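Below are some questions about how labels are assigned from computed values. Each answer sets a value against its cut-off.

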Amino acid sequence: LNCESVAKLLELSDYYCLPDLRGDCALWLINYINGSFAKVGRTATVAIHLSMLGDQNNEPTLKKHAIFWIYKNLRFHNVCSIIDFADKHDPKLYEKCKKLVFTEAKYVLTSDAFATSLPFQQVLMIVQSDYLMAEEIDVFKGIVSWINHNKSDENGKELLNHIRYGLMTKEQIIGCVQNSGL
């Protein structure tokens, strides 16, 4: 693990601005992320990659600080890009992600990231939940958006079986469900 490989990961043209990745460089990297990448909205993705770099290169400090940064900066607008990683790498972070998705479901379901970032299993877990704080029409619209964006996924239509159509108004069913083309 060296400056050049991290710079490539971070898509930096000048890797000389990075110190060698030894010892306590994790704090420096997290500070770098906070300062530079916060402006372009890529911080969660970079922190995930740094955590995986820490794993791959036996740098537990790097992984620890990257996970801590993700945990501290988890929001409804970035949770969709984090939850699958959390499911595979950090049970506490995964539980926090799920809680955020459930409590902020209306915003999460209508976000572009819901349709573009989540794999089928995460979408299924979300729509099967009895804890979503959203109207069923919002759940339906989120699923339709996900299906439309993930047309090659043959499981997509299975998600529609988890909609509680009885919780929708007649107007919602006529105006939205019937017009969805699904």
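Q: Why is His 89 called partly exposed?
A: In this predicted model, His 89 has a relative accessibility of 30%. Buried requires under 20% and exposed requires over 50%, so the 30% of His 89 falls in between and the residue counts as partly exposed.

Q: Where is His 89 found, and which residues is His 89 in contact with beyond its neighbours within four places in sequence?
A: His 89 is found in helix H5, residues 79-89. Leaving aside neighbours within four places, its contacts are Met 52, Asp 55 and Lys 63. For Ser 51, the separation from His 89 is 38 residues in sequence and 9.3 Å in space, C-alpha to C-alpha.

Q: What makes the pair Asp 55 and Lys 63 a salt bridge?
A: The N to O distance between their side chains is 3.3 Å. The cut-off is a side-chain nitrogen of Lys or Arg within 4 Å of a carboxyl oxygen of Asp or Glu, so Asp 55 and Lys 63 qualify.

Q: Are Asp 55 and Lys 63 buried or exposed, or in between?
A: Asp 55 has a relative accessible area of 44% and Lys 63 has 21%. Buried means under 20% and exposed over 50%, so Asp 55 is partly exposed, and Lys 63 is partly exposed as well.

Q: How do you know that Arg 164 meets Asp 130 and Glu 136 in salt bridges?
A: The N to O distance is 2.8 Å for Arg 164 with Asp 130 and 3.9 Å for Arg 164 with Glu 136. The limit is within 4 Å, so the pair Arg 164 and Asp 130 counts, and so does the pair Arg 164 and Glu 136. Asp 130, Glu 136 and Arg 164 are thus linked in a network of salt bridges. A search of the whole structure finds five salt bridges.

Q: Why does the pair Arg 164 and Asp 130 tie together parts that are apart in sequence?
A: Arg 164 lies in the loop between helix H10 (136-149) and helix H11 (170-177), and Asp 130 lies in the loop between H9 and H10, so the pair joins parts that are 34 residues apart.

Q: What are the exposure classes of Arg 164, Asp 130 and Glu 136?
A: Arg 164, at a relative accessible area of 29%, is partly exposed. Asp 130 has 63%, and the limit for exposed is over 50%, so Asp 130 is exposed. Glu 136 has 8%, and the limit for buried is under 20%, so Glu 136 is buried.

Q: Why is H6 called oblique to H9?
A: Helix H6 (residues 91-103) and helix H9 (residues 120-128) pack at an angle of about 55°, with their axes 10 Å apart. Under 35 degrees would be roughly parallel, and 65 to 115 would be roughly perpendicular. The angle of about 55° belongs to neither range, so H6 is oblique to H9. H6 passes H9 in a right-handed crossing.

Q: Which residues meet where H6 contacts H9, and how do they divide by class?
A: From H6, Tyr 94, Lys 98, Val 101 and Phe 102 meet Gln 122, Met 125 and Ile 126 of H9. They divide into five nonpolar, one polar and one charged.

Q: Why are H4 and H6 called roughly parallel?
A: The axes of helix H4 (residues 60-72) and H6 come within 10 Å and cross at roughly 15°. Angles under 35 degrees count as roughly parallel, so H4 and H6 receive that label. The crossing of H4 past H6 is left-handed.

Q: Which residues make the contact of H4 with H6?
A: Ile 67, Ile 70 and Tyr 71 in H4 meet Lys 92, Leu 93 and Lys 96 in H6. By class there are four nonpolar, no polar and two charged residues.

Q: What makes H9 mostly covered?
A: Seven of the nine residues of H9 are buried. They are Phe 120, Gln 122, Val 123, Leu 124, Met 125, Ile 126 and Val 127. These buried residues pack against H5, H6, helix H8 (112-117) and H10.

Q: How many helices and strands are there, and what share of residues counts as buried?
A: The protein has 11 helices and zero strands. Of its 182 residues, 44% count as buried.

Note on methods. Residues numbered from 1 in each chain as written. Predicted model: local features only at pLDDT ≥ 70, side-chain atom pairs only at ≥ 80, totals over all residues. Heavy atoms only, no water. Axes fitted to C-alpha atoms, helices over the stretch in contact; angles between N-to-C directions. Helix = DSSP H or I, 4+ residues; strand = E, 2+ residues; numbered from the N terminus. Parallel < 35°, antiparallel > 145°, perpendicular 65-115°, else oblique. Left-handed = near helix turned anticlockwise from the far one by under 90°. Contact = heavy atoms within 4.5 Å. Nonpolar A, V, L, I, M, F, W, Y, C, P; charged D, E, K, R; others polar. Buried < 20%, exposed > 50% of the residue type's maximum accessible area, 1.4 Å probe, protein only.
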